[in-house]
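Work through the following exercises with the coordinates open. Each task is followed by a solution in steps.

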Amino acid sequence: MTGPTPRRVDPDVDLRVPADRGELRAHPAVVLGVIAAGGVLGALARAGVQAAFPHPPTGFGWATFGVNVSGCLLIGALMAVVTTGRVPPLTRPFLGVGVLGGYTTFSTYVVDVRQAAAAGAAGTALAYLAATLLGAVAAVWVGDAAAGRLLGRATGAREGETATGRPGSDGARADGGPS
């Protein structure tokens, strides 16, 4: 007995779906090419922000903080859009893995925290560490929630039904059918 087919999340390559596992092997240059192109764009944007707003080793890394939080906001929104299934193939690898993966920089954030602590600014390092973690998680949630709400309105979700077509909080579908 085989189990149910896993729910497809990604419209391009979802390695949990058996039919998609061959996609990366069949078209590795295309998938890796769009990731690389997106990564270049994201890294250039991040470098531009960081060059425009440098900070001393003992200072709060506002540029890196802003990049990571805004990138997480966009990642949350992108995932809400991707899960609708109405996006062109390779959207997630290009935008999510490439552009936003190259744009966000949690490795630089960790280096900034270490440098601040080593320079004697332990309070700044701790504040930066906590603010970035909390800000990033909150930003993903806000991006996903906001995009989901906008998509619900844009797709004409019926009253009492969420954007995914599931029953609302009262458990009943708007059309009176079973939930």
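Helices, at least four residues long, and strands, at least two, are taken as DSSP runs and numbered from the N terminus. The model is predicted.

**Exercise 1.** State how many helices and strands the chain has, and the order of its elements.

Solution.
- Counting the runs gives 6 helices and 0 strands.
- Read from the N terminus, the elements are α-α-α-α-α-α.

**Exercise 2.** Give the share of residues that count as buried, the exposed area, and the share of contacts made by residues 24 or more positions apart.

Solution.
- A residue is buried if its relative accessible area is under 20%. By this cut-off, 30% of the 179 residues are buried.
- The exposed area of the chain is about 10400 Å², and 68% of it comes from carbon and sulfur atoms.
- Among contacts in the chain with a separation of 6 or more, 64% join residues 24 or more positions apart.

**Exercise 3.** Describe how H2 is placed against H3, and list the residues in contact.

Solution.
- Two packed helices are described by the angle and the distance between their axes.
- For H2 (residues 28-52) and H3, the axes come within 8 Å and cross at roughly 150 degrees.
- Angles over 145 degrees count as roughly antiparallel, so H2 is roughly antiparallel to H3.
- The crossing of H2 and H3 is right-handed.
- H2 contributes Arg46, Val49 and Gln50 to the contact, and H3 contributes Ala63, Thr64 and Val67.
- Sorted by class, this contact of H2 with H3 has 3 nonpolar, 2 polar and 1 charged residues.

**Exercise 4.** Repeat the analysis for H3 and H4.

Solution.
- The axes of H3 and H4 come within 9 Å and cross at roughly 170 degrees.
- With this angle, H3 is roughly antiparallel to H4.
- On the H3 side, the contact is made by Val67, Ser70, Gly71, Leu74, Ile75, Leu78, Met79 and Val82. On the H4 side, Thr91, Arg92, Leu95, Gly96, Leu100 and Tyr103 take part.
- By class, the contact of H3 with H4 has 9 nonpolar, 4 polar and 1 charged residues.
- Val67 of H3 is in the contact with H2 and also in the contact with H4.

**Exercise 5.** Locate Leu90 and state the sign of its phi angle.

Solution.
- Leu90 lies in the loop between helix H3 (62-82) and helix H4 (91-103).
- The phi of Leu90 is positive, at about 70 degrees, although Leu90 is not a glycine.

Key
Residues are numbered from 1 along each chain as its sequence is written. This is a predicted model: local features need pLDDT of at least 70, side-chain atom pairs count only at pLDDT 80 or more; totals for chains, interfaces and linings use all residues. Side-chain values use heavy atoms; hydrogens and water are left out. Axes are lines fitted to C-alpha atoms, for helices over the stretch in contact, and angles run from 0 to 180 degrees between N-to-C directions. Angles under 35 degrees count as roughly parallel, over 145 as roughly antiparallel, 65 to 115 as roughly perpendicular and the rest as oblique. A crossing is left-handed if the near helix is turned anticlockwise from the far one by less than a right angle, and right-handed if clockwise. Contact means heavy atoms within 4.5 Å. Ala, Val, Leu, Ile, Met, Phe, Trp, Tyr, Cys and Pro count as nonpolar, Asp, Glu, Lys and Arg as charged, and the others, Gly among them, as polar. Buried means under 20% relative accessible area, exposed over 50%, partly exposed in between (1.4 Å probe, protein chains only). Accessible areas come from the Shrake-Rupley method with a 1.4 Å probe; for residues, only the protein chains shown count as cover.
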